[in-house]
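Biologist: Before we go through this model together, could you take me through the reasoning behind each label, setting the value against the cut-off every time?

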Amino acid sequence: MSVEARSLPMPEPAPESLATLDLFALGRQASAARDGQLGRRGTFIRARQLLASGGWRGPRDAAESTVEEADLAAVGGLPALRAAGIDLLVAPADSVQARAASQAGLRILLRVPYRLGEDDRERLDRLAAIDQAAYDVWGVMPAPVGEPYGLDTLRFFALCRLALPRVPHLLADVGTLGPRLAQMAFGFGADEIFAPIVAERALRLGANAHNPSLTRKEAATLIRGAGLAPCERFADGTIEEVTA
Amino acid sequence: MSFAQIRDKVRAAETLSFEDGVALYQHPNLMELGALANEVRERMHGDRTYFNRNLHINATNVCEASCRFCSFARLQPGDPAAYTMTLEEAWGKLRARVAAADPITEIHIVNGLHPGLAFDYYTELLAGLKRIQPSIHLKAFTAVEIFYFAKKFGMSIEAVLQALRAAGLDSLPGGGAEIFAPRVRKKICDDKSDADEWLEVHRVAHRMGLRSNCTMLYGHIETAEERVDHMLRLRALQDETGGFQTFIPLAFHPDNNALMKLPGPTGVEDLRTYAVARLLLHNIPHLKAYWIMLGIKTAQTALWFGADDLDGTVQEERIYHMAGAATPQVMHPTEIIRLIQNAGRTPVERDTLYNVVAEGAALIPDKPFRRDVRRSLEVVS
């Protein structure tokens, strides 16, 4: 079954007022903004990453190919990316390559840092800079620096969704947040889970305790548990609801 | 019953039914559920959020019971990972805290059901700790342990509690309740005290004037209906005795045990369980987000979904760390205070019985803690 995005007119709260909203108001507004833009769905995708070594991490038949900006020079720069079939550049918020990459036809996913001890105002200023970027940002992904607390994280997700109305996607990174908090982020505006999607996941034991990998079933369970329709994105841009 | 109707009942301070509890578990909007639980939490406690300074002692992990969710127990004393502290070793844990001038107010003691230890071991354990620090509050032995002592040593529950109390026992922790439903107990813990026996120990303890906590292990094979049934049985006993202080939902950890194929509860399930608990258990004053099991980030978030307590500094917790808990072994009070303040709440250091130990200026992290005797007396009286 295909899940269609809806396009509902959404009131956009002025950024200065966001800092005064309580947790539940932020969560409700951010979720409503997401639902209005994309429908009440959460997505995941089987992706692979081009590494600095030239090798790949992830399945051969992945639906999406990504590269980190830090690895760009090592893999031959922007000209080499198209040949390698790269779809998505994952870059820091102050990216120096994103504009050129966007012009070259890549989608841009920005990691947006947030730290313990910052107030909402500082964070909104950071998001305003992204909102004014001279290129299209496909998505943003909150990136904790140090150990911000859980509520910090959820507030920041909501701020990202509400302060960046032109950025369609807000991703929750299982690697940096853990599966619990990543799932909660769907209540605060996130629409996609960012994790290696694997056929079978090793138990999270010992050195593997923080393994961010999820099976398709686990990703779908997390999204469904957050109250959204779990959907898989495919290479051709289609999105299908996972019903099993 | 719609969510709006349940919300009206909550606002009118009406008791929620079994069906209401199940409906809350099924309500798709976590934000609505959380906001309602938060309303009740703030009605009961305002922004106040409690913690204490405590030390955990798990004196032995040798255990006759073979609970399938447990990663801590070793069934035989000779097992390589089995341990039993000597009394000197156990007392040494407190001596070390006293020597470090760490003003802990509580020791939480929970052990395996060791078939070879004499009853004297337990009474001496308590008496020795009291000799070292007479003011320390000893919250010791789950109802499962108390029931085991009664059977093993041929004593009544009351006689066990009297003997332990004479040795220094001050209150009971809430562990061992798991899920009361016989279907679940049969599958995960069929060789220890059942629901009625667990509840009877607390009933007797409350009758004797001892306070206790209560728990629910969630996120394994139980259904939402079984969780609600569990909470309502606790609520019924609380109506009868008033002796429970705190309800502690315990998130199942799947690592290193016989249920390791299960995924464990998700973050949303954690928050939902806290919120439902706050709404159903109107007669149990406190709801604890036990950071050791939930993880620090989820525990902090739970402070907006009904919880008003974070437990304490802990130190040397073994039971959940052997089950894969990735949390630290200890949280400094400064860190707990910061965690609470970051959540927009007001930290209050309490003792086991929720008398205020310090709050406000006395809690400024870079100042030494002071006992606020006047405030404690006000609360006690």
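**Reasoning from values to labels**

Modeller: Glu226(B) is a fair place to begin, with its relative accessible area of 11%; please bear in mind throughout that this is a predicted model.

Biologist: Why is Glu226(B) called buried?

Modeller: The label buried requires a relative accessible area under 20%, and Glu226(B) comes to 11%, so Glu226(B) is buried.

Biologist: Why, then, is Arg183(B) called partly exposed?

Modeller: Partly exposed covers what falls between under 20% and over 50%, and because Arg183(B) has 36% relative accessibility, Arg183(B) counts as partly exposed.

Biologist: What makes the pair Arg183(B) and Glu226(B) a salt bridge?

Modeller: The rule asks for a side-chain nitrogen of Lys or Arg within 4 Å of a carboxyl oxygen of Asp or Glu, and in this pair the N to O distance is 2.7 Å, which meets the rule. Arg183(B) lies in helix 8 (residues 182-188) and Glu226(B) in helix 10 (residues 224-241) of chain B, so the pair ties together parts that are 43 residues apart in sequence.

Biologist: How do you know that Lys139(B) and Glu106(B) form a salt bridge?

Modeller: Their closest N and O atoms are 3.7 Å apart, and the limit is 4 Å, so the pair qualifies. Since Lys139(B) lies in strand 4 (residues 137-140) and Glu106(B) in strand 3 (residues 106-109) of chain B, the salt bridge ties together parts 33 residues apart in sequence. Lys139(B) and Glu106(B) are buried.

Biologist: What makes Arg345(B) and Asp47(B) a link between distant parts of the chain?

Modeller: These side chains meet in a salt bridge at 2.7 Å, N to O, and the two residues are 298 residues apart, Arg345(B) in the loop between helix 14 (333-342) and strand 10 (346-350), and Asp47(B) in the loop between helix 3 (30-45) and strand 1 (48-52) of chain B. Arg345(B) is buried at 3% relative accessible area, whereas Asp47(B) is partly exposed at 33%.

Biologist: Turning to the two chains, how do you know that Glu147(A) and Lys297(B) form a salt bridge?

Modeller: The closest N and O atoms of Glu147(A) and Lys297(B) are 3.6 Å apart, and the cut-off is 4 Å, so the pair counts as a salt bridge. Across the interface of chain A and chain B the rule finds two salt bridges.

Biologist: How much area do chain A and chain B bury between them?

Modeller: They bury about 2300 Å², 65% of it on carbon and sulfur atoms. In chain A, Phe24(A), Tyr149(A) and Arg180(A) lose the most area to chain B, together 33% of what that side buries.

Note on methods:
Residues are numbered from 1 along each chain as its sequence is written. Chains are lettered from A and ligands numbered from 1 in the order in which they are written. This is a predicted model: local features need pLDDT of at least 70, side-chain atom pairs count only at pLDDT 80 or more; totals for chains, interfaces and linings use all residues. Side-chain values use heavy atoms; hydrogens and water are left out. Helices (H or I, at least four residues) and strands (E, at least two) are DSSP runs, numbered from the N terminus. Buried means under 20% relative accessible area, exposed over 50%, partly exposed in between (1.4 Å probe, protein chains only). Buried area is the accessible area (1.4 Å probe) that two parts lose on being put together, summed over both.
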